[in-house]
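Biologist: I should like to learn how the packing of a helical protein is read from a model. Could we work through an example together?

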Amino acid sequence: MNKHTSMLSVFGIAVALGGCASSVERPDGKMETAESSIQQAVSSDARKFEPVLLNEAQNKVADAEELIEKENYREAGRLLEQASVDAQLAGARSDTAKARQAVEEINGNIEALRQRMEKSQ
């Protein structure tokens, strides 16, 4: 082997190892996070208050599952991150909607009491 051949061999091995090191792993952790975020959103009544956003998150998880089967882990991971964010947003919006309803109910009760007090005077 001459000097150039062994340099090319070393370079080829380095490129091969570098390719292995940069490969994307299965996004199992991202899948767990996305599923957990969806469950939390469901617990926050997102089906009632943010059904479209919750459905989008669930669809992204389903699409990611298909991509994982095809070993397209990078794209699957990206979809799972989006699904997590969508589910978290759906949960937060649901919590906000429930809080608004509670405030409206309390304000209605206060107004009813105020009217009773005015009538009794």
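Modeller: We shall go from the overall fold to one pair of helices. Please note that this is a predicted model.

Biologist: Which secondary structure elements does the protein chain contain, and in what pattern do they follow the sequence?

Modeller: The protein chain has five helices and zero strands. Along the sequence the pattern therefore reads α-α-α-α-α, helices being numbered from the N terminus.

Biologist: How much of the protein chain is buried, and how large is its accessible surface?

Modeller: Of its 121 residues, 26% count as buried. The accessible surface is about 8,800 Å², and carbon and sulfur atoms account for 53% of that area. As for contacts between residues at least 6 apart in sequence, 71% link residues at least 24 apart.

Biologist: How does one describe the packing of α2 against α5?

Modeller: Two packed helices are characterised by the angle and the distance between their axes. Here, helix α2 (residues 28-43) and helix α5 (residues 73-120) have axes that come within 8 Å and cross at roughly 15°. Angles under 35 degrees count as roughly parallel, so α2 and α5 are roughly parallel to each other. The crossing of α2 past α5 is left-handed.

Biologist: Which residues meet where α2 and α5 are in contact?

Modeller: From α2, the participants include M31, A34, I38 and A41. Among those they meet in α5 are G77, L80, A83, A87 and G91. The residues of this contact comprise eight nonpolar, seven polar and three charged.

Conventions
Residues are numbered from 1 along each chain as its sequence is written. This is a predicted model: local features need pLDDT of at least 70, side-chain atom pairs count only at pLDDT 80 or more; totals for chains, interfaces and linings use all residues. Side-chain values use heavy atoms; hydrogens and water are left out. Helices (H or I, at least four residues) and strands (E, at least two) are DSSP runs, numbered from the N terminus. Buried means under 20% relative accessible area, exposed over 50%, partly exposed in between (1.4 Å probe, protein chains only). Contact means heavy atoms within 4.5 Å. Accessible areas come from the Shrake-Rupley method with a 1.4 Å probe; for residues, only the protein chains shown count as cover. Axes are lines fitted to C-alpha atoms, for helices over the stretch in contact, and angles run from 0 to 180 degrees between N-to-C directions. Angles under 35 degrees count as roughly parallel, over 145 as roughly antiparallel, 65 to 115 as roughly perpendicular and the rest as oblique. A crossing is left-handed if the near helix is turned anticlockwise from the far one by less than a right angle, and right-handed if clockwise. Ala, Val, Leu, Ile, Met, Phe, Trp, Tyr, Cys and Pro count as nonpolar, Asp, Glu, Lys and Arg as charged, and the others, Gly among them, as polar.
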